[in-house]
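The following explanation leads the reader through a single protein chain, beginning with one residue and widening to the fold and its principal pocket. Please keep the sequence and the coordinates in view while reading.

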Amino acid sequence: MPIDLAKNNRNRISSKRVAVRLLSMHTAKGLEFPCVAISGLGLLGRHGETIEECVRLTYVGVTRATHEALLTYSSKSELVQRLIA
């Protein structure tokens, strides 16, 4: 999305348009999307977050999907181990 389009509309963009939106899981709470992709799950917890915080954050991200959720990881972590089990 062009940055000048967002600036000209006071950072408000119509949600009725078909678009890909990139959000952090922290800002996605309360929103819903047909398809949600979450990548890099093996990296959660690198900055001192507890495993419980990582699980909660992942839950928030996954439950934003109304139809499909895609989760990826490139390295194993305690969170990834729990999700695989």
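In this predicted model, Thr-58 touches Met-25, Ile-38, Leu-41, Leu-44, Leu-79 and Leu-83, when residues up to four places away in sequence are not counted. Thr-58 itself is found in helix H2. Its relative accessible area is 4%, and Thr-58 is therefore classed as buried, the cut-off being under 20%.

Leu-41, one of the residues touched by Thr-58, also leads to a second site. Ser-77 is in contact with Leu-41 and with Gly-42, once its neighbours within four places in sequence are left aside. Ser-77 is found in the loop that lies between strand S2 (65–71) and helix H3 (78–84). With a relative accessible area of 16%, Ser-77 also falls under the 20% cut-off and so counts as buried. The C-alpha atoms of Ser-77 and Ile-51 are separated by 9.7 Å, although the two residues stand 26 residues apart along the chain.

These two residues can now be placed within the overall fold. The secondary structure of the protein chain consists of 3 helices and 2 strands, and reading along the sequence gives the pattern α-β-α-β-α. Strands S1 and S2 run parallel and are joined by 5 bridges. Within this pairing, Val-36 has Ala-69 of S2 as its bridge partner. Helix H2 (residues 51–62), the helix that holds Thr-58, forms a right-handed β-α-β unit together with S1 and S2.

Two totals describe the chain as a whole. Among the contacts with a separation of 6 or more, 68% are made by residues 24 or more positions apart. Of the 85 residues in the protein chain, 22% count as buried.

Strand S1 also takes part in the largest pocket, which has a volume of about 460 Å³. Which element contributes the largest share of the lining of this pocket? Strand S1 (residues 33–38) does, with 6 residues. The lining comprises 19 residues in total, and Arg-21, Phe-33, Cys-35, Val-36 and Ala-37 are those that lie nearest the centre of the pocket. Val-36 thus appears in two settings: it is the bridge partner of Ala-69, and it belongs to the group nearest the pocket centre. By class, the lining has 13 nonpolar residues, 3 polar residues and 3 charged residues.

Conventions
Residues are numbered from 1 along each chain as its sequence is written. This is a predicted model: local features need pLDDT of at least 70, side-chain atom pairs count only at pLDDT 80 or more; totals for chains, interfaces and linings use all residues. Side-chain values use heavy atoms; hydrogens and water are left out. On a 1 Å grid over the protein atoms alone, a cavity is a set of points where a 1.4 Å probe fits but cannot get out, and a pocket is an open set with protein on both sides within 12 Å along at least five of seven lines; lining residues have an atom within 4 Å of a point. Grid points are joined across faces, edges and corners, and a volume is the space filled by probe spheres set on the points. Helices (H or I, at least four residues) and strands (E, at least two) are DSSP runs, numbered from the N terminus. Ala, Val, Leu, Ile, Met, Phe, Trp, Tyr, Cys and Pro count as nonpolar, Asp, Glu, Lys and Arg as charged, and the others, Gly among them, as polar. Buried means under 20% relative accessible area, exposed over 50%, partly exposed in between (1.4 Å probe, protein chains only). Contact means heavy atoms within 4.5 Å. Two strands pair if DSSP finds at least two bridges between them. A crossover is right-handed if, with the strands pointing away from the viewer, the path from the first strand over the helix to the second runs clockwise.
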